[in-house]
Every structure is written in C-alpha cells, then in structure tokens.
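Q: Please take a close look at the pockets in this structure and go through their linings with care. I would like one connected account rather than a list.

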Amino acid sequence: MIKRVKTKCIYVGDVPVGGDSPITVQSMTNTITADIESTVSQILELERHGCHIIRAAVNNREDALAINQIKKRTHIPFIADIQFDYRLGIQAVENGCDCLRINPGNIGSERKVREIVDCCKEYEVPIRIGVNSGSLSRKIIDKYGGVNTDSLVESAIDQLDMLEKLNFYNTKISIKSSDVNTMIDSYIKLSKKVDYPLHLGVTEAGPMMKSTVKSSIGIGSLLRMGIGDTLRVSITGNPVDEVVIGREILKSLSILNEGIDLISCPTCSRTKINLIELVEKAEMKLDQIDKNASIAIMGCPVNGPGEAREADLGIACGDGFGVIFKKGKIIKRVKEEELLDALLKEVELL
Ligand code: SF4
C-alpha cells in the first residue's frame, strides 16, 4: 500500500485533485480548439479511454469562445492552456473552462495577474502553474547555472508566491523536465516545500516508445513514493496513447484497479502456438470490455499454469491447444483456433 504525501484538495470542475482523492489521468487535445467538431470528437474518444481531465491550448479569442460549446458536448473538466495573454485567460474562464494553466511570470505585469486571479476567484476556477525547462526566467537560469532541480523549484515557488500575494490558493502545480532524473528530484524537492496538489509529467518525452519508458520511470517512481495527485504522459502522437499509458502506470502500481489486467509471457522455444497473435487479438477485444479482472495468457505447460492459476482467468498453452483456468481451477481444454472465442466467452461470464 502506497502512502500518499498529503496535499490539499482542489476541484477541477467536479473532479477532486489532491488530498485523498483518486489520482487522475489527463491528456491534451491536438486539434485546433476553435474547430469544435474535431475537438469534441477527440475529447469524447479520450473519455472513452478513461481520461479524467482534458487540457486544450487557447491561442486566440475563437479558441476561448469555443470552450462554451465544447463543454456542452463533453463530460470531463476542461483546462484552458494560456501562454502570455491574460485576456484569453479571462475569456476562457468566462466561457466555462474548469481550470487555467498559466505561469503568472509570463503574464507580464502584476495588474494583469491580478485581473486573472480576480476572475478565477469569482468563478471559483483553479490555476495550474506549469513550470518546465522551457519556462524559466533568464535571472533564475543565471543564478543556478542552468536548468536544474534548484532553478525549477525556485521558479515554481516564485510563481506560487505571485498567486499567494493575491490571496489565491486554489492552485495545483507541475514542475516538468525532459530529463527524468531532474524531473524526479524536482518533484521530490517541491513536495517537501508545498502542500499544493502536484501534476506529474515528463515534458517533451518524445514518441511513443521513448515516452512510455521515460514517463513510466519518472511518473512511476514518484507515485511509488506517494508523490503526485494527477498526471499526464506526454507523447508525440495520438493523445489516446497518453491516456492508455497513464492508466497502465497507475494499474502497474495497483493505484487504479479498473479494467482488464492482461498478463502474458514473452514466448520462447517452448511456445508451440501462435501466442503473439493470440495475445494481440485478445488485447484488442479485452480493451473494449468494461470489467475488472486479471487475465493471463501463457505459452507453455512448464511455467504457464502458475500464472494462469493466479489470475481470474488464465490460459496455459500446449502444442496446438490451451487449458483454461478460472479462479485457479482448470475448466476446459480448447483447440488453438478456438482459444480466443473461448476466453472471451469466459470473460463475459465473470
Ligand atoms: Fe517460455 Fe513458457 Fe515462459 Fe512462455 S511461460 S516464456 S513459453 S517458459
């Protein structure tokens, strides 16, 4: 059982973040936000894959105005990502966004930050401060000799100070780096200094394979220490993969116990059936099934039965056949070509 580092709880729309609330998975759209059809369609697909909170870039007035329509047709909280223009932040809040992602230091002046903060207070909308390697001021980089744990943490504290001076505490914070060690160290250091909810992520983590490794190590290490209240896996690719991998990270640590946990062996010379094809087909089918269960598909009668017995449902394969286990007991022996259908039928009965 992982002991969470205690943070305060804030609400992004109706989703709690921090405290004892479940750790949530976020993603970001890559459509033009003002293209309402495309943005809604992508958010709905992300919802179907288990995304809890969505973020979208708001680059102009059209994007900000679109939030109102997007919110009416989607079901998860919407975070508006604002870079420099405080007026867009205000328009996004007025049009129904559930959270703003800004860096107060990028907004330009105290007056502008105050205007955004006043608006967020009025609409009870939280702010996510998003510090990353690319957002540090020249002053801080020079002070600490580059982008490193100290400069990232000081930047995060500076940004928080700007909001706290305006009596704004409805905040969560991320402190991302593309370097996994820096990212982990920075979150650990920050979590000792503040009790705001932490949004975890490795920034600019690269394409699917690289990001999966980096994110699993970076985000996973912190979660294992109890640090982190919400997360985003960043991938150069389809945002659906970000959600799937984010959820798998949580499942691997038994933080999320939803859906099918598929266990399968890597195959070796003892495998006498086309296990890789069977597992690939099973994964595609099982992804569409809304049940919580562990399913093991194992390649041989030597090491297979052990795992197959431990799972809710398991297959241990022989030469051209497989033996199906249910809750530790053998229930049938099935020919290779009938294994997938037989397994799926048993899943339905669970
Ligand atoms: Fe090989 Fe059997 Fe292990 Fe699969 S379970 S990798 S077939 S020894």
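A: In what follows, Ala, Val, Leu, Ile, Met, Phe, Trp, Tyr, Cys and Pro count as nonpolar, Asp, Glu, Lys and Arg count as charged, and the others, Gly among them, count as polar. By this division, the lining of the second largest pocket consists of five nonpolar, 14 polar and eight charged residues. The model is a predicted one, and every value here is computed from it.

The second largest pocket has a volume of about 480 Å³, and of the 27 residues that line it, Met28, Arg55, Thr203, Glu204 and Arg232 lie nearest its centre. Among the secondary-structure elements, β7 (127-132) and α9 each supply at least two residues of this lining, and it is β7 that gives the most, with three residues.

The largest pocket, for its part, has a volume of about 780 Å³. It is lined by 20 residues, and those closest to its centre are His49, Glu248, Lys251, Leu286 and Asp287. Here α9 (239-252), β11 (260-264) and α10 (275-286) each supply at least two lining residues, with the largest share, five residues, coming from α9. The helix α9 therefore takes part in both linings, given that an element is a DSSP run with one number throughout. In composition, the lining of the largest pocket divides into five nonpolar, five polar and 10 charged residues.

The surroundings of the ligand can be described in the same terms. The residues around the ligand are Cys265, Pro266, Thr267, Cys268, Arg270, Thr271, Met298, Gly299, Cys300 and Asn303, and this shell divides into five nonpolar, four polar and one charged. One of the shell residues, Cys300, is buried, with a relative accessible area of 8%.

The cysteines deserve a further remark. A disulfide is a covalent bond between the sulfur atoms of two cysteines. A search of the whole structure finds zero disulfides. Cysteine 97, for example, is in no disulfide, and the nearest cysteine sulfur, that of cysteine 120, is 7.0 Å away. A pair counts as a disulfide when its sulfur atoms are within 2.5 Å, so the separation of 7.0 Å between the sulfurs of cysteine 97 and cysteine 120 does not qualify. Cysteine 97 is also buried, because its relative accessible area is 4% and buried means under 20%.

Key
Residues numbered from 1 in each chain as written. Predicted model: local features only at pLDDT ≥ 70, side-chain atom pairs only at ≥ 80, totals over all residues. Heavy atoms only, no water. Near = heavy atom within 4 Å. 1 Å grid on protein atoms, 1.4 Å probe; cavity = no way out; pocket = protein on both sides within 12 Å on 5 of 7 lines; lining within 4 Å. Points joined across faces, edges and corners; volume = space filled by probe spheres on them. Helix = DSSP H or I, 4+ residues; strand = E, 2+ residues; numbered from the N terminus. Buried < 20%, exposed > 50% of the residue type's maximum accessible area, 1.4 Å probe, protein only.
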